[in-house]
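Biologist: Please take one part of this model and look at it closely, and then tell me how its surroundings fit together.

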Amino acid sequence: MKENTQKMYDLAKAMYAELGIDTDKAMESLKKVSLSLHCWQTDDVGGFETPDAELSGGGIQVTGNYPGKSGSIDEMRTDLDKAFSLIPGKHRLNLHSIYGEFGGRKVERDEIGPEHFQGWTAWAKERQIGLDYNGSFFSHPMAESGYTLSSKDKKVRDFWIRHGKKSREVAAYFGRELGTPSILNTWIPDGSKDLPVDRAGYREILKNSLDEVFSKDIPASEMKDAVETKLFGIGSEAYVVGSHEFYMGYAMSRKKMICLDLGHFHPTELIADKLSSIYQFFDEMLLHVSRPVRWDSDHVVILNDDIRYLTEELVRCGRIADTHIGLDFFDGTMNRIGAYAIGSRSTLKGLLLGYLEPTATLKKYDLEGNAFARLALMEQLKTMPAGAVWDYYCEQMNVPTESELIANVMDYEKSVLTGRSR
Ligand SMILES: C[C@H](O)[C@H](O)[C@@H](O)C(=O)CO
Ligand SMILES: [Mn+2]
């Protein structure tokens, strides 16, 4: 431990102790949290179905063309190893179907199965990490109409139902092989740019299609399903079939998890406020930690108020262990590995702030109706030396401290990323 890191930590520890907070305990709690790192930040959601595959349609978009994008599974794995080395703790990887190993062959989405993920499974086994999964219902000719599982065209709908079923097979395979249930998130882009008339019709079809996708019982020890809600997307501004209300009803009635993405609500809506409601009725849930800027822009997550409110609420509810925390941002305007580091570390920093909160004291003020003391303590916490605890934690976990991060990422850029063709 560097002398300054230790000195700063000792001071911080004493200051938090005055508030009744044990910083060592806070770090121990943080160590138990596993984020699920989304693989698609390495290549701007392109995937490896064809050599030059790119994200298209689906109401989502990547901007930027910063050099060094991963162009193969090997490059992607190198990048992911690097990203994991910058993030304290043991974390999971989240894959999409388009990242299978197809051996240069054209494999249709409704044929993508466990055999295309053997390499990933071996890779994860070696690193002793869990794998999560997503069917990919976008960047495909069969999604061009704007509708997939809710399509009125039976041929289109059946194709995506088969894809959904195969995706569950892949997730179950991950769970069996790796001994930790794989979280399978289903997000579909279905919706309409302008005012549809038959809103109910598409939703009824989606409900039935999902029932078919989920018709096979798979043990929770292997995989767990989540469904992701959304308010709007590019090209689906007027109507999204899988709205929040739709999926809340669906998930609750079918005993599935709901997935809340921070970018999928009205800009003034606080996702943090939804947790305590959801947990009255659900045992577990999935989060997609993202940063919307004016729209679902998937900016790199930073330690802003949205993240702070979210993470402190997770700690206050005591439901971290029940919450699967996935990351979901993709920014092509900057060093993509640096983006992983900032987004993941900010999420963890937020959780650390949550663990460093004297929640019992705040609750006491709450109960006493002492609004002043409650607010004053919240304000005091903002300038407490959490950074010293974070740096100490990073050093203890053998990852760069805040002041070491930039040089570390720039080194990787020079030695690895600049040699790439894309
Ligand atoms: C690539 C992801 O599955 C996608 O971002 C989805 O989770 C989403 O949030 C779409 O807006
Ligand atoms: Mn998402």
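Modeller: A residue is called buried here if 20 or more other C-beta atoms lie within 10 Å of its own, and exposed if 12 or fewer do. The model is a predicted one, and the part I have chosen is helix 3, which covers residues 73-85. By that criterion Met76, Asp79, Leu80 and Ala83 of helix 3 are buried. Seen down the axis of helix 3, these buried residues fall within an arc of 100 degrees, so they line one face of the helix. This is in keeping with a general rule: an α-helix has 3.6 residues a turn, so residues three or four places apart point the same way. On the other side of helix 3, Asp74 and Asp81 are exposed. The cover over the buried residues of helix 3 includes strand 1 (35-38), strand 2 (92-96) and helix 10 (336-355). The length of helix 3 also agrees with expectation, because 13 residues at 1.5 Å a residue should span 18 Å, and the end C-alpha atoms are 18 Å apart.

For a contrast with this helix, consider strand 6, residues 223-228, in which six of six residues are buried. In general, the side chains of a regular strand alternate between the two faces of the sheet. In strand 6 both faces are covered, with Met223, Asp225 and Val227 buried on one side and Lys224, Ala226 and Glu228 buried on the other. Strand 6 runs parallel to strand 4 (residues 182-186), to which five bridges join it, and one of the pairings sets threonine 186 against valine 227 of strand 6. Strand 6 also pairs in the parallel sense with strand 8 (residues 257-261), over three bridges, and here alanine 226 has methionine 257 of strand 8 as its bridge partner.

Two further residues deserve a look for their backbone angles. Serine 139, which is not a glycine, has a positive phi of about 50 degrees, and its place is in the loop between strand 3 (131-134) and helix 5 (154-178). Serine 139 counts as buried because it has 21 C-beta neighbours inside 10 Å. Aspartate 298, also a residue other than glycine, has a positive phi near 55 degrees, but its setting is strand 11 (residues 295-299). With 25 C-beta neighbours inside 10 Å, aspartate 298 counts as buried.

Key. Residues numbered from 1 in each chain as written. Chains lettered and ligands numbered in written order. Predicted model: local features only at pLDDT ≥ 70, side-chain atom pairs only at ≥ 80, totals over all residues. Helix = DSSP H or I, 4+ residues; strand = E, 2+ residues; numbered from the N terminus. Pairing = 2+ DSSP bridges. Expected span 1.5 Å × (residues − 1). Arc of directions from axis to C-beta. Contact = placed C-beta atoms within 7 Å.
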